[in-house]
Amino acid sequence: MSPQDMVVAGAAGFGGSATPADEVVRVSGVSRTFGRGEHAVQAVRDVSFTANRGELVAIRGRSGAGKTTLLNLIGGLDRPDSGQVVVAGHDVTSAGEAELLRLRRGTVGFVFQTFGLVPILSAAENVGVPLRLAQVPAAEREQRVAVLLELVGLGGHAAQRPYELSGGQQQRVAVARALANEPDLLIADEPTGQLDSETGRSIMDLLRAVVHARGMTALVATHDPALIDLADRVLVLRDGRLVDG
Ligand SMILES: Nc1ncnc2c1ncn2[C@@H]1O[C@H](COP(=O)(O)OP(=O)(O)OP(=O)(O)O)[C@@H](O)[C@H]1O
Ligand SMILES: [Mg+2]
């Protein structure tokens with residue numbers, strides 16, 4: 001069995017009798033305003049949509065359209081003023097801090113534009129961080145990290161620190177880290193924003209392959225039209241609202 005097959009097989013049982021049609025994300029009438037009075041910015045306005053298992057959904061929109069704000073609300077990094085977010089059956093909106101922490105550590109994986117790796121840790125150690133937090137025993141952790149690095153094509157780079165890796169390789173490490181706890185949902189905010197177009201496309205290809213193979217769901221904010229066609233579905237935000245195409 002190849003490492004990729006192992007990851008895929010390991011994830012297949014995750015979520016029990018899940019079918020590809022299962023709903024993983026439900027966003028209902030979500031709004032978020034920053035500031036108040038005449039300085040108030042309605043960053044997200046009455047947004048509703050759902051996303052299913054095995055689906056990669058791109059979120060497009062100009063700078064300031066509300067993409068990051070929406071992803072933060074879905075991932076439990078911020079709370080809406082109104083509306084509801086449900087991720088893999090967890091009501092993110094009504095969750096207390098302890099439940100949000102569990103959600104961020106187990107149910108949702110995050111990938112950011114700036115990679116967010118710990119500079120003094122090797123690639124393998126960075127990928128292992130979520131597993132340490134989840135108190136996975138060392139031997140199992142090492143084995144899972146090796147499988148994850150193999151999956152993202154970095155099997156030979158385990159000992160390198162972020163500054164010894166290219167931008168694309170660093171983002172692959174970040175993707176492996178986001179996948180470490182087998183999340184139901186991967187949230188990626190401009191994951192290719194700091195990469196050249198070819199490298200960006202290879203990261204998007206990787207996300208797409210993982211989502212389809214493991215039956216995960218991914219929400220990916222991106223400006224890049226070339227990456228949009230890799231998505232199963234595209235949502236467009238304009239001034240905080242979802243609009244057609
Ligand atoms: N913490 C905050 N405080 C005040 N205003 C904010 C805050 N976060 C976002 N905003 C405002 O909300 C609006 C949406 O911002 P957001 O970062 O969600 O846009 P975006 O679509 O991600 O843009 P970009 O493509 O540049 O990343 C903007 O007008 C922004 O200035
Ligand atoms: Mg943004």
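**View 1. Asn52 and Thr217 meet through a backbone oxygen and a side chain.**
A polar atom of the Thr217 side chain lies 2.8 Å from the backbone oxygen of Asn52. The model shown here is predicted. Thr217 belongs to strand β8, which covers residues 217-221. Is Thr217 buried or exposed? Thr217 is buried, because its relative accessible area is 0%, under the 20% limit.

**View 2. The surroundings of Thr217.**
Which residues touch Thr217, once neighbours within four places in sequence are set aside? Asn52 is one of them. Ala51, Arg53, Gly54 and Glu55 are also in contact with Thr217. So are Val24 and Val25. Asp184, Leu185, Leu186 and Val211 complete the list. Val111 sits 106 residues away from Thr217 along the chain. The C-alpha atoms of Val111 and Thr217 are 13 Å apart.

**View 3. Thr107 in helix α3.**
Helix α3 spans residues 97-107, and Thr107 lies in it. Thr107 counts as buried because its relative accessibility is 9%, below the 20% limit. Beyond residues up to four places away in sequence, Thr107 touches Val87, Ala88 and His90. Thr107 also touches Arg102. Pro183, Asp184 and Leu185 are further contacts of Thr107. Asp184 and Leu185 appear among the contacts of Thr217 as well.

**View 4. An aromatic pair, Phe110 and Phe112.**
A pair of aromatic rings is described by the distance of the centres and the angle of the planes. The count for this model is one aromatic pair. Phe110 and Phe112 form a stacked pair, with 5.9 Å from centre to centre and 0° between the planes. Phe110 is buried, because its relative accessible area is 14%, and buried means under 20%. Phe112 counts as partly exposed because its relative accessibility is 35%, between the limits of 20% and 50%.

**View 5. Helix α4 and what covers it.**
Helix α4 runs over residues 123-133. Which residues of α4 are buried? They are Ala123, Asn126, Val127, Gly128, Pro130 and Leu131. The cover over these buried residues includes α5 (138-151) and α6 (167-179). Just after α4 comes Gln135, with a positive phi of about 60°.

**View 6. The annotated span, residues 25-243.**
An unreviewed UniProt entry annotates residues 25-243 as "domain: ABC transporter". In the model, this span is 36% helix and 27% strand. The C-alpha atoms at its two ends lie 19 Å apart.

Technical notes. Residues numbered from 1 in each chain as written. Chains lettered and ligands numbered in written order. Predicted model: local features only at pLDDT ≥ 70, side-chain atom pairs only at ≥ 80, totals over all residues. Heavy atoms only, no water. UniProt positions renumbered as here; feature names shortened; annotations may be inferred. Helix = DSSP H or I, 4+ residues; strand = E, 2+ residues; numbered from the N terminus. Buried < 20%, exposed > 50% of the residue type's maximum accessible area, 1.4 Å probe, protein only. Contact = heavy atoms within 4.5 Å. Phe/Tyr/Trp six-rings, centres within 6.5 Å; stacked < 30°, edge-to-face > 60°. Polar contact = N/O pair within 3.5 Å; in protein donor to acceptor, adjacent residues only side chain to side chain.
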